[in-house]
Amino acid sequence: MAKPRVNSSLKMKRFWTQFWTYAYLVLLTIVILFPLMVTVSSAFRSGNVTSFTLNLSQEWGLQNFHRLFTETLYVKWYMNTLIVAAFTMLIQVTVITLTGYAYSRYNFIGRKKSLMFFLIVQMVPTMAALTAYFVMAWLFNALNQYWFLILIYVGGGIPMNAWLMKGYFDTVPYDLDESAKLDGAGHFRIFYQIVLPLVRPMLAVQALWAFMGPFGDFMLAKFLLRSPEYYTVAVGLQTFISDAKNQKVTLFAAGAILIAVPISVLFFFLQKNFVSGLTNGGTKG
């Protein structure tokens with residue numbers, strides 16, 4: 001008689017586990033999709049409004065996108081951001097890949113202490129260094145200079161991302177390195193032809209993170225880019241809603257939607273690397 005009761009208890013427990021799991025997923029979906037639907041609704045709304053509202057019965061059109069391209073500096077801001085994002089991605093991925101590989105495969109003086117230093121630096125929020133960044137930019141005549149902004153983005157991304165890359169390199173069997181050395185392969189060949197292809201999933205993630213950063217950053221770019229023609233898209237869009245008496249909500253929404261285009265394109269080209277195996281093509285021993 002006890003066995004049916006146990007089975008019934010297990011079924012009820014499984015039912016409530018699934019119920020709360022799906023309830024949480026539904027709630028999470030609403031939290032994610034509702035702001036997106038409001039933004040899309042505002043972007044395609046005819047005329048201008050002073051607040052974000054969801055209205056699916058409105059008249060839809062492309063007037064806001066036309067105004068965005070013809071009446072504002074949005075195209076200039078967009079190109080500025082693409083340049084900053086592309087260089088940030090290339091430099092940061094290169095630096096953290098080499099750094100992570102060095103910490104994973106080589107022993108050198110100060111290795112553990114420098115890794116701890118990376119963690120300590122990561123604990124300092126960017127907000128705490130804004131004044132220092134501005135003073136440095138003023139001293140080096142780097143205000144309105146993208147190279148300085150890129151260096152800060154790259155430098156800020158090195159500590160934690162180097163830790164992540166090191167951890168990912170650590171999961172690649174060291175036996176592969178030893179086998180390659182026996183075959184006469186040098187350090188660079190081992191890195192480039194053997195180990196690097198096996199960490200492509202993490203490289204893809206790091207590239208996407210680095211590329212997304214400049215599109216979403218407002219505070220640092222606002223401090224260092226002082227002239228409107230040098231703004232990135234996040235700083236430029238903020239000017240549409242900064243004036244309480246003349247808010248351009250529909251233009252802001254239209255510009256915000258277009259930010260997702262290059263990020264989505266990059267994700268499309270990198271997605272095959274996200275699902276590839278860690279040691280795809282590697283040998284087992």
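Helices here are DSSP runs of H or I with at least four residues, numbered from the N terminus. With that in hand, welcome to the tour of this predicted model.

**Stop 1: helix α3 and the second largest pocket**

Start by selecting α3, residues 74-105. Which helix gives the most to the lining of the second largest pocket? That helix is α3, with 6 residues. Now add α8 (187-195) and α9 to your selection, since each of these, like α3, supplies at least two lining residues. To see the whole lining, pick M89, L90, V93, T94, T97, L98, F191, Y192, L196, L203 and A207. Colour them by type and you will find 9 nonpolar residues, 2 polar ones and no charged ones. The space in this pocket comes to about 190 Å³.

While you are here, click on T94, a residue of helix α3. Is T94 buried, partly exposed or exposed? T94 counts as partly exposed because its relative accessible area is 45%, and the partly exposed class lies between 20% and 50%. For a sense of distance, draw a line from the C-alpha atom of T94 to that of D170: the two are separated by 18 Å, with their positions 76 residues apart along the chain.

**Stop 2: the largest pocket**

Next, select T126, I152, Y153, G156 and G157, which lie nearest the centre of the largest pocket. The full lining has 24 residues, and the space inside is about 560 Å³. Helix α6 gives the most to this lining, with 8 residues. Show α3, α4 (111-123) and α9 (200-216) as well, as each of them, along with α6, supplies at least two lining residues. By type, the lining divides into 13 nonpolar, 10 polar and 1 charged.

**Stop 3: the largest nonpolar core**

Stay with α6, residues 146-170, and look at the core. The largest nonpolar core holds 65 residues, among which Y74 and L149 touch the most other members. Helix α6 brings the largest share of this core, 12 residues. Zoom in on L149: beyond its neighbours within four places in sequence, L149 is in contact with V84, L220, A221, L224, L225 and T232.

**Stop 4: helix α2**

Finish at α2, residues 63-70, where N64, F65 and L68 are buried. Look down the helix axis: these residues cover an arc of only 100°, so they sit on the same side of α2.

Technical notes:
Residues are numbered from 1 along each chain as its sequence is written. This is a predicted model: local features need pLDDT of at least 70, side-chain atom pairs count only at pLDDT 80 or more; totals for chains, interfaces and linings use all residues. Side-chain values use heavy atoms; hydrogens and water are left out. A nonpolar core is a set of buried Ala, Val, Leu, Ile, Met, Phe, Trp, Tyr and Cys residues joined through side-chain atoms within 4.5 Å. Buried means under 20% relative accessible area, exposed over 50%, partly exposed in between (1.4 Å probe, protein chains only). Contact means heavy atoms within 4.5 Å. On a 1 Å grid over the protein atoms alone, a cavity is a set of points where a 1.4 Å probe fits but cannot get out, and a pocket is an open set with protein on both sides within 12 Å along at least five of seven lines; lining residues have an atom within 4 Å of a point. Grid points are joined across faces, edges and corners, and a volume is the space filled by probe spheres set on the points. Ala, Val, Leu, Ile, Met, Phe, Trp, Tyr, Cys and Pro count as nonpolar, Asp, Glu, Lys and Arg as charged, and the others, Gly among them, as polar. The arc is that of the directions from the helix axis to the C-beta atoms.
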